[in-house]
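Me: I have a structure open and I'd like to learn how to read its features. Could you walk me through a few?

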Amino acid sequence: MRKIVGKGALIMKKNWPLWEVFVRSKNGLEHRHFGSLRAADEEMALENARDVYTRRSEGVSIWVVESKHITASNPENNGELFEPAQDKVYRHPTFYTLPDEVKHM
Amino acid sequence: MSEKEIKNLEELFDQRIARDEKIEPKDWMPEKYRKTHIRQISQHAHSEIVGMLPEGNWISRAPSMRRKVALLAKVQDEAGHGLYLYSACETLGISREELYEQLHTGKAKYSSIFNYPTLTWADIGAIGWLVDGAAIINQVPLCSTSYGPYARAMIRVCKEESFHQRQGYEIMMTLANGTPEQKELAQDALNRWWWPSLMMLGPTDAESVHTEQSMKWKLKRKTNDELRQQFIDQTVPQADLIGLTVPDSDLKWNEETKKYDFGEIDWDEFWQVVKGHGPCNKERLSARVNAWEEGEWVRDAAMAYAEKQQNNKIKKAI
Amino acid sequence: MKKENLIQYIYGIADNALILGQRLSELCGHGPNLETDIACTNMALDLLGQTRSYYQYVAQLSGEKVSEDDIAFLRTERQYKNVLLVEQPNNHFGYIITRQFFYDAFHLLLLQELQNSKDETLSAIAKKAIKEVSYHQRFSSDWIKRLGDGTEVSRQKVQEAVNDLWKFTDELFQLTEYDKNAVELGVGVDVSLLKEKYYQIVKETLEEATLIIPELKWFRKGGKEGVHSEHMGYLLSDLQYMQRTYPNMKW
């Protein structure tokens, strides 16, 4: 959206950017992605996150990060990114056989 | 991409959904899937925020403090639900502002039930009981729909919405058990909201254009007629229980089918309202447009302030 | 302390929360953005929640036959003891924020003292409300700055609101006879002592927001004695509509 302001000066109309909200529901747990919202600045993003996502006491701590700062992997690369891990079965405990008598290992 | 390649991708895509795999925002998806989802999710979001208006009417006039805070919290939840759904929609590559634009210009639809007026306090009860009741029937299956962000938004919505219908039914129950005047309010509200609530579940299967494709993509689990039957079967006993009469002289329990038979729905009325000729279409839309336009200077101010703050930070750092 | 005096003292605090809560809840669905709408509704819910605690206490003091709803909905205009500030209408978002900020700054100072009240119930209500109101003040003062130091248009609009609402701030520090009695008995707060601190907070924030502090000699008052502005009648006809139209019913 473009808007003409003042004496012919042309500026781009800027909307409130998108933020991602992460909430820790109680101490001991990790922050989990809760959703997103719009806010003009970081203070507002925190306040809005509190008002939007913790109305029913869902949280004890909030992180907000502007969505544009998140770098995401591309699903088209999922093959090269994630499949090579699939045959590394030796990383998992069940790969190793132990006599039944051995407990707690 | 060649047509054959696309065809191939589409087949793989359909198989993923058939296996109950979720589709996430950056995954490849057929253009039609994206468009259909934008349409449905935004329609849903618009319904939430337009739906705030008829109920919002009564916040300042609620009859008791307890009812006032409950209604206020409920209408606020609807704003929240609108927000979750707009956010889900934005993951499909369209902005909230563009979606508003579609709503404000009449290009996008919202649930036509919100074009009916709330004339008495009992209407607030009827909306909670019937409209939210019908909405829940529609929404619960969407918690397992194929598009991840939509399914996640719906899980949150359904969780929060569980108090809405109870709130409405409790209002109706109180009125129905109250003075004759109160009971009359309740019956009158049921009379006015019953048929629009049935229409809310969408046109009959024969007329519904999107059903088959939507079933495949798990945007729908049951047809409109099935949902309507389910709604009637669960709601009629609730009306009986509080001594209210459903305004349908053809309504009768069918021993054979174990379902209620019901009367003819006035689909002309439905299409009239959808096409913009309902009692409050104009008022609802202009309330939304006004809020957005009158809020523009506020949003601009916040943006300008944020930029100034950012520049100050940079200056300080240098 | 005489019961009636205590009740009147409580009205002087609680009615502000009711009327401001009512004004804020009129906005629900009409805010500049969904997020802002949700935030303003949260403040309304906090204020109405506080109102209920106060009124339930008054109901308990008055005896069995009075309920929180009788108190909220069935008094005459002269019996509401809120300050004029909180009944002022939602002309535009600048007014909403300015009204909120002018009240929040006072409200927090009041509660910080009220928590030391010899009346245990009032002290408990204040302790709980402090957390809510601290957040309100943070919200409204952040927004005053955004609007004041935002665009030229927003600065004008919020300045207009500040100019219009400033005249209602002095009433906050007025002591009624009931207030004086309550203060003497260690139950009430001497609001006149909060004045200096209040104007210091308000002026600092307005200055940061690049707004001009009005210079006024005459301030409006009357609300605390039940003499309200014309806006109040309309507000009450909405608020009381159901209880007046259908008397003696349960909802």
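Reply: Sure, let's begin with a term. A salt bridge is a side-chain nitrogen of Lys or Arg within 4 Å of a carboxyl oxygen of Asp or Glu. Here R55(A), R56(A), D77(B) and E160(B) are linked in a network of salt bridges. Before we go on, some ground rules: this is a predicted model, where local features need pLDDT of at least 70 and side-chain atom pairs count only at pLDDT 80 or more, while totals for chains, interfaces and linings use all residues. Residues are numbered from 1 along each chain as its sequence is written, chains are lettered from A and ligands numbered from 1 in the order in which they are written, and side-chain values use heavy atoms, with hydrogens and water left out.

Me: How many salt bridges are there over all chains?

Reply: The search of the whole structure gives 42. Take one from the network: the side chains of D77(B) and R56(A) meet with N to O at 2.6 Å. This pair crosses between chains, with D77(B) in helix α3 (residues 65–90) of chain B and R56(A) in the loop between α1 (42–53) and β5 (61–66) of chain A. Those labels come from DSSP runs numbered from the N terminus: helices are H or I, at least four residues, and strands are E, at least two.

Me: Is D77(B) buried or exposed?

Reply: Buried means under 20% relative accessible area, exposed over 50%, and partly exposed in between (1.4 Å probe, protein chains only). D77(B) has 2% relative accessibility, so it counts as buried. Its partner R56(A), at 33%, counts as partly exposed.

Me: Which parts does the salt bridge of D20(B) and K218(B) tie together?

Reply: First the distance: N to O is 2.7 Å for D20(B) and K218(B). D20(B) sits in the loop between α1 (3–18) and α2 (31–56) of chain B, and K218(B) in the loop between α8 (211–216) and α9 (224–241) of chain B, so the bridge ties together parts 198 residues apart in sequence. D20(B) is exposed at 52%, whereas K218(B) is buried at 13%.

Me: How do I read two helices packed together?

Reply: Two packed helices are described by the angle between their axes and the distance between the axes. The axes are lines fitted to C-alpha atoms, for helices over the stretch in contact, and angles run from 0 to 180 degrees between N-to-C directions. Try α5 (residues 121–139) and α7 (residues 180–200) of chain B: the angle is about 25° and the axes are 9 Å apart. That makes α5(B) roughly parallel to α7(B). The cut-offs are under 35 degrees for roughly parallel, over 145 for roughly antiparallel, 65 to 115 for roughly perpendicular, and oblique for the rest.

Me: What residues meet there?

Reply: Contact means heavy atoms within 4.5 Å. Among those in α5(B) are W129(B) and L130(B), and α7(B) brings residues including W193(B) and W194(B). By class, the contact of α5(B) with α7(B) has 15 nonpolar, one polar and two charged residues. Ala, Val, Leu, Ile, Met, Phe, Trp, Tyr, Cys and Pro count as nonpolar, Asp, Glu, Lys and Arg as charged, and the others, Gly among them, as polar.

Me: Which residues does T36(C) touch, leaving aside neighbours within four places in sequence?

Reply: T36(C) lies in helix α2 (residues 34–62) of chain C and is buried at 3%. With those neighbours left aside, T36(C) is in contact with W16(A), F93(C), F139(C) and W143(C).
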